[in-house]
Amino acid sequence: MRIAAFIGDIYQDYEAELVRTIERYAASHGHVVDIFGNCSIPDGNPLYAEGLKSIFRVPELDEYDGIFMASDTMHHFNMNKDLIHHLMSSSSCPMVNVRSVEKGFHSVVPGNESSLYEITKKLIEELGVTEFGFVTGRDDMEDSHERFAGFKRALDEHGLTITEDRIFHGDYWRRQGAITAEFFLSPTGTAESLPQAIVCSNDYMALALMDELMIRGIRIPEDVFITGVDNIDEAIYNDPPLSSIEISAEKLALCALQTLEKLIYGELVPEIQTVTGNIFLRRSCGVEDGSDDKKSRRYDSQRRMVSRRYIELSTKFEDCLTETECLDDAREFFESTGVFSECRFYVHDEKPPLSEHGTTLVLPINFRNESYGYCSMKLVPGNTRRPIDDLMEFVMLLIGHTLGRLKLYQEILSFKDIRALAFKDPMTGLYNRRGFDRKVTETFEYTTKNSLKTAVVSIDMNDLKGVNDNYGHSAGDDAIIRLSQAISGALREQEFAVRMGGDEFEVILLLTEPDRIDQYIKDFQDALAKANSETEYELTASIGACPIDNWELFVECMHNADKKMYEQKRAFKASASGKGSVR
């Protein structure tokens with residue numbers, strides 16, 4: 001039986017346990033499994049995720065008997081939605097998803113509602129808690145609502161209530177720790193404002209909240225109890241150890257694999273199956289559970305040793321001056337970990353072949369939004385270490401960064417203006433794709449800091465081929481330059497334009513006024529009309545725009561702007577003359 005698995009953020013505890021369980025199960029049942037994933041998905045720039053999505057195109061899906069997916073490990077910037085669309089349109093084999101419900105998939109999910117109900121009930125009945133705060137997960141995720149429902153059911157059964165000013169809406173990640181702490185400390189800024197216990201929807205948010213509260217002088221558990229969900233390693237080693245619920249990744253994965261087998265063999269299986277969790281009360285709730293300082297000290301010592309390895313590896317890859325040196329160093333590192341029996345790299349449009357046996361992990365090699373190839377590693381059977389840890393994730397980033405640096409070196413050998421070459425298009429002077437990447441990050445930071453809305457505009461020259469055919473390629477180059485001047489001439493401060501390639505351009509606008517998009521299009525059209533008065537050919541363009549309400553949906557907004565632009569382009573081509581207007 002051949003199975004394709006898709007898992008993101010493989011260096012995290014839960015995802016690592018999924019990989020380990022899949023490998024053990026596959027080895028004991030004689031299955032061949034290819035795991036397609038990524039180490040880390042950045043939050044800061046949606047374009048970076050585009051480079052990681054290249055992994056979706058690697059497997060020939062019709063070669064597999066079944067598909068295993070952990071969609072909620074790839075929720076950044078719609079990666080999971082893109083993957084689901086790809087799988088639904090390209091595969092007809094049975095598919096199972098873990099930890100969340102996805103349409104078209106059989107799902108194995110944790111007992112979110114029952115688990116939060118049980119731990120809240122314990123806090124009330126065993127520890128006497130009557131005043132609660134709650135930190136939700138992402139509001140757009142079903143498991144977040146299920147967890148709150150379980151918490152609320154326990155309160156209702158015991159005649160307790162919670163008001164909205166005690167409910168913080170989180171995002172399942174660490175970055176909101178300070179905001180969460182300030183929320184619960186309001187209005188006094190002291191322990192007097194805190195409830196007796198704060199129940200968090202996962203460990204990352206709970207640990208971040210604990211850190212920020214302790215920075216502000218709050219004692220845990222003396223001033224407030226804190227609980228989480230997932231029981232990650234850090235929860236156990238934290239000081240104080242975090243009370244948590246373990247919804248076992250192993251149980252989820254085993255149930256999903258067994259479900260996949262049954263579906264492949266034609267058996268009927270419920271579309272949704274539930275796995276129950278276990279509760280661990282620890283010192284964050286005033287309960288001594290046997291967690292000791294020796295574990296914490298050993299954990300800290302290991303972290304210091306790993307920090308030293310980060311420095312050594314950074315220096316080693318920085319010294320690489322060829323692609324071969326880079327990949328040889330990476331291969332040596334991965335094969336020395338004891339986790340992988342062999343490591344191979346596929347670059348320059350090569351794709352990894354189908355595995356013949358065992359479990360293989362396939363990861364993309366990318367730097368930001370540029371993809372350079374793939375790393376294929378065979379897992380050692382029965383290995384108990386996590387397949388990808390923080391250090392291995394760092395090496396994957398180093399590979400992509402080094403290959404990107406070497407590519408840049410090759411490009412600049414005969415150029416003096418390195419910055420212009422790296423970020424500007426030499427013909428038009430506008431930003432190129434690499435410059436786009438850089439400017440998007442700067443604009444994200446600027447607009448977030450200043451609470452500004454933005455919009456993306458897609459522009460495509462009409463009938464460049466006609467200009468080339470009728471007036472020559474020099475006229476075609478002149479047309480592109482004049483179009484770029486019209487595009488940039490309509491910009492205001494902090495806005496920018498990019499030549500994506502050929503006659504395709506993107507513009508990022510700041511919506512400082514309600515009609516900014518319309519005003520830009522008018523100014524652009526006026527500039528284009530002036531350019532046409534100076535040329536023997538007619539210069540027209542198709543244009544589409546889309547406001548960006550949420551930076552996580554940036555790539556989707558680009559696609560929407562492209563769709564509108566192509567609608568105008570089709571209308572232009574369908575018109576009898578196509579002259580006299582800017583589309």
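Of the 583 residues in the chain, 53% count as buried. This figure, like those that follow, comes from a predicted model. The chain exposes about 26,500 Å², and carbon and sulfur atoms supply 49% of that area.

The overall architecture is a good place to continue. The secondary structure comes to 18 helices and 19 strands. The radius of gyration is 27 Å, close to the 25 Å that the globule rule gives for 583 residues, so the chain is as compact as a globular protein of that length. Along the principal axes, the C-alpha trace spans about 85 × 60 × 55 Å. Contacts between parts of the chain that lie far apart in sequence can also be counted: among contacts joining residues at least 6 apart in sequence, 73% link residues at least 24 apart. As for charge, the chain carries 64 positive and 97 negative charges, and the mean positions of these two sets are 2 Å apart.

Turning to individual elements, strand β4 covers residues 95-98. From this strand M95 and N97 point one way, while V96 and V98 point the other way. Buried or exposed, then, for these four side chains? All of them are buried. Strand β3, made of residues 66-70, runs parallel to β4 and is joined to it by three bridges. Within this pairing, F68 stands opposite V96 of β4.

A second site of interest is V395, which has its place in helix α12, residues 390-412. The relative accessibility of V395 is 0%, and a residue counts as buried under 20%, so V395 is buried. Which residues is V395 in contact with, leaving aside neighbours within four places in sequence? They are L313, F317, F333 and F334. V395 can also be placed relative to A330: these two residues are 65 apart in sequence, yet their C-alpha atoms are 7.1 Å apart in space.

A third site is T454, found in strand β16, which comprises residues 454-461. With a relative accessibility of 1%, T454 falls under the 20% cut-off and therefore counts as buried. Leaving aside neighbours within four places in sequence, T454 is in contact with T443 and T447, with L509, L510 and L511, and with P547, I548 and W551.

Taken together, the two sites just described can be read side by side: V395 is buried within a helix-borne position in α12, and T454 is buried at a position in strand β16.

Terms used. Residues are numbered from 1 along each chain as its sequence is written. This is a predicted model: local features need pLDDT of at least 70, side-chain atom pairs count only at pLDDT 80 or more; totals for chains, interfaces and linings use all residues. Side-chain values use heavy atoms; hydrogens and water are left out. The radius of gyration is taken over C-alpha atoms; the globule rule is 2.2 Å times the number of residues to the power 0.38. Buried means under 20% relative accessible area, exposed over 50%, partly exposed in between (1.4 Å probe, protein chains only). Contact means heavy atoms within 4.5 Å. Accessible areas come from the Shrake-Rupley method with a 1.4 Å probe; for residues, only the protein chains shown count as cover. Lys and Arg count as positive and Asp and Glu as negative; His and the chain ends are not counted. The place of a charge is taken as NZ of Lys, CZ of Arg, CG of Asp or CD of Glu. Two strands pair if DSSP finds at least two bridges between them.
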